[in-house]
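My notes from an afternoon of looking things up in this one. I went strand by strand, then to the core, then to the ligand.

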Amino acid sequence: MAFYYVKKTKIFSVWFLGRFFKDIITPRMKTQIIGTIEARNLLPPFFENTDISSPRFEEALKDVIWGTDFITAVIGPGGCGKSVLLKIAARYFGQYSMCIAPTGVAANNLNDPTPLTPLTIGATTIHKAFGIKEVESLRYFQMPMDNPNVIKMLARKEVILIDEISMVRPETLDMVLHQVYRASQVKGSLIRVICFGDPLQLPPVYKNGEEVRFFFDSYHWKTFKPKVHVLDSIYRQSDGSFRQILNRIRMGEADDDCMDFLRSRVSRSIPEGALVLDPRRDGVTARNNQCLTSVSGNKRFTYVPEITERGETKGKPDDFQKEKDAEILELLECPPAITLYEGQRVMCTKNIMGKGVVNGSMGTVTILKEKGVGVLLDGKEKREVFIEPCRYELCETSDRPKISAMQIPLCSAYAVTYHKAQGLSLDNAYLVTDTLFSGPSGAGMFYIGVSRVRTPEGLFLSEVPDRSRIRANPRCVEFVKEAEERA
Ligand SMILES: Nc1ncnc2c1ncn2[C@@H]1O[C@H](COP(=O)(O)OP(=O)(O)OP(=O)(O)O)[C@@H](O)[C@H]1O
Ligand SMILES: [Mg+2]
């Protein structure tokens with residue numbers, strides 16, 4: 001009966017079967033059914049226009065929706081539809097899915113509606129979803145592995161979708177997988193984890209001298225040996241020769257044609273509206289200050305952070321106190337005093353629940369008030385939100401009492417780091433190339449920059465990088481080649 005129903009009816013039937021008979025249909029039945037259905041019928045409402053003509057995309061779509069493995073991965077070059085596939089799964093599973101990404105910008109990219117994917121899916125950062133404080137994330141060994149609140153929340157889900165997996169540290173992935181596994185035990189049925197990303201894009205952030213490790217180095221990955229789908233059709237760029245050049249840069253094999261093309265894209269000035277990508281944070285700050293001159297005549301207001309809990313160091317501020325305050329703000333990763341101008345481009349640096357604003361949301365300042373800032377958010381909807389000071393806090397530990405502060409979570413956004421640009425699709429980008437990272441953390445960095453733009457005409461370079469800076473990590477190349485052979 002179920003087979004007849006699937007074969008005879010279109011779109012709604014499969015969606016309906018999957019959703020409402022999820023507990024009755026066994027993995028074996030799923031495998032049998034999946035062979036009889038068209039992938040198009042798996043597309044949830046609003047996603048009917050997705051192109052699924054590529055066999056690899058179709059196969060990955062089927063596995064993402066109906067698969068039965070604990071861990072599954074979908075990899076492929078920039079712009080091949082990994083995040084689109086993630087959004088399809090998020091829409092299909094609705095409240096039974098959780099979407100997470102290693103950075104706020106990557107999460108925001110998932111939430112940003114596009115004509116193809118018109119709905120925001122409530123993605124957040126791994127840190128936010130799993131309750132890891134920024135400072136504490138550096139000390140995993142101090143963290144309890146089981147977080148009862150997180151496990152309770154996970155037990156209500158069927159699938160956990162992780163984007164930009166290349167930037168996730170193996171220990172972070174192990175922490176996520178461990179908790180999902182425990183939640184599956186509590187729930188009594190398997191909660192799946194699907195990882196999306198490109199191993200040849202940016203690796204996780206490590207300090208200088210630390211060994212760079214990847215998601216596929218995690219304990220769970222090695223134990224479960226997940227199936228890896230490799231997508232191969234690129235949608236972000238339609239120009240065939242530009243795609244080929246990007247692919248060569250991705251593998252770290254820039255030939256003479258690539259170098260000629262890059263030479264033709266060098267620009268002395270920054271074109272209007274182009275987002276500047278700079279490898280270093282201080283470069284981003286300098287560029288943002290430089291761009292501020294265009295709005296420096298407008299109304300301005302300075303927002304000073306207010307320390308609300310300072311532990312034992314109470315009392316009247318004196319010089320000693322000021323030093324302590326700076327230390328507290330640094331520990332809290334609370335932004336220092338910031339002067340904002342009307343008309344200034346800004347980026348939010350925190351998730352603000354209830355307002356649809358996440359760490360990485362960009363917009364333009366419309367109004368400045370003592371209590372907060374009006375921001376017209378980028379995107380199709382042109383929504384205006386009023387952003388008030390947010391709380392930055394760290395709970396009490398054995399060596400430190402509870403500390404907290406309030407500050408407006410906004411920063412200037414004419415330029416971003418390459419790390420923050422991962423996952424974005426841009427019309428125009430100006431790449432600062434003279435300071436590309438040289439160590440292992442610089443592998444994939446140039447590729448991230450060039451693959452953000454939709455057309456070759458939208459790409460501008462400060463200078464042609466040295467061939468030695470157009471690099472891919474050999475371990476990641478090996479991982480991708482192996483996955484491609486198996487696909
Ligand atoms: N299957 C598809 N059908 C039609 N358009 C698509 C499809 N997949 C992707 N696109 C288009 O390509 C753009 C880039 O896709 P997406 O952001 O999913 O790429 P990605 O693989 O996640 O890239 P990155 O590695 O840079 O994150 C989308 O905004 C969308 O417009
Ligand atoms: Mg993506």
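I began with T364 and looked for its bridge partner in β13, which turned out to be L376. This is a predicted model, so I'm reading every contact as a prediction. T364 took me to the pairing of strand β12 (residues 362–369) with strand β13 (residues 372–377): they run antiparallel and are joined by six bridges.

Next I zoomed out to the sheet. It is an open one with five strands, in the order β14-β13-β12-β11-β17, and the pairing is antiparallel. At its edges I found β14 (384–387) and β17 (410–412), each pairing on one side only. I noted an average twist of 45° from one strand to the next. Reminder to self: strands of a sheet pair through backbone hydrogen bonds, either parallel or antiparallel.

Then the three-stranded sheet. It is open too, ordered β9-β16-β15, with antiparallel pairing. Why is one side of β9 and of β15 left without a neighbour in the sheet? β9 (306–310) and β15 (390–394) stand at the edges and each has a single partner strand, so there is nothing in the sheet on the other side. Here the twist from one strand to the next averages 15°. I also checked the pairing of β15 with strand β16 (residues 403–407), which is antiparallel and runs over five bridges. One residue pair for the notebook: L394 has I403 in β16 as its bridge partner.

On to the core. Which residues have the most contacts inside the largest nonpolar core? I got L85, A89, L161 and I162, in a core of 111 residues. Helix α5 gives the most to this core, with eight residues. A second, separate core has eight residues, and I307, I328, Y392 and I403 are among them. I then followed up on I162: leaving out residues up to four places away in sequence, I162 touches I100, A101, V168, V193, C195 and F196.

Ligand 1 came last. I counted 18 residues around it, with D51, G78, G81, S83 and Y235 coming nearest. By type, the shell splits into nine polar, five nonpolar and four charged residues. α5 (residues 82–93) turns up again here, giving the most to the shell with three residues.

Some whole-chain numbers to finish. The chain has 17 helices and 20 strands. Of its 487 residues, 40% are buried. Among contacts with a separation of 6 or more, 75% are between residues 24 or more positions apart.

Note on methods
Residues numbered from 1 in each chain as written. Chains lettered and ligands numbered in written order. Predicted model: local features only at pLDDT ≥ 70, side-chain atom pairs only at ≥ 80, totals over all residues. Near = placed C-beta within 6 Å. Helix = DSSP H or I, 4+ residues; strand = E, 2+ residues; numbered from the N terminus. Nonpolar A, V, L, I, M, F, W, Y, C, P; charged D, E, K, R; others polar. Buried ≥ 20, exposed ≤ 12 C-beta atoms within 10 Å, placed from the backbone. Contact = placed C-beta atoms within 7 Å. Core = buried A, V, L, I, M, F, W, Y, C linked by C-beta atoms within 7 Å. Pairing = 2+ DSSP bridges. Axes fitted to C-alpha atoms, helices over the stretch in contact; angles between N-to-C directions.
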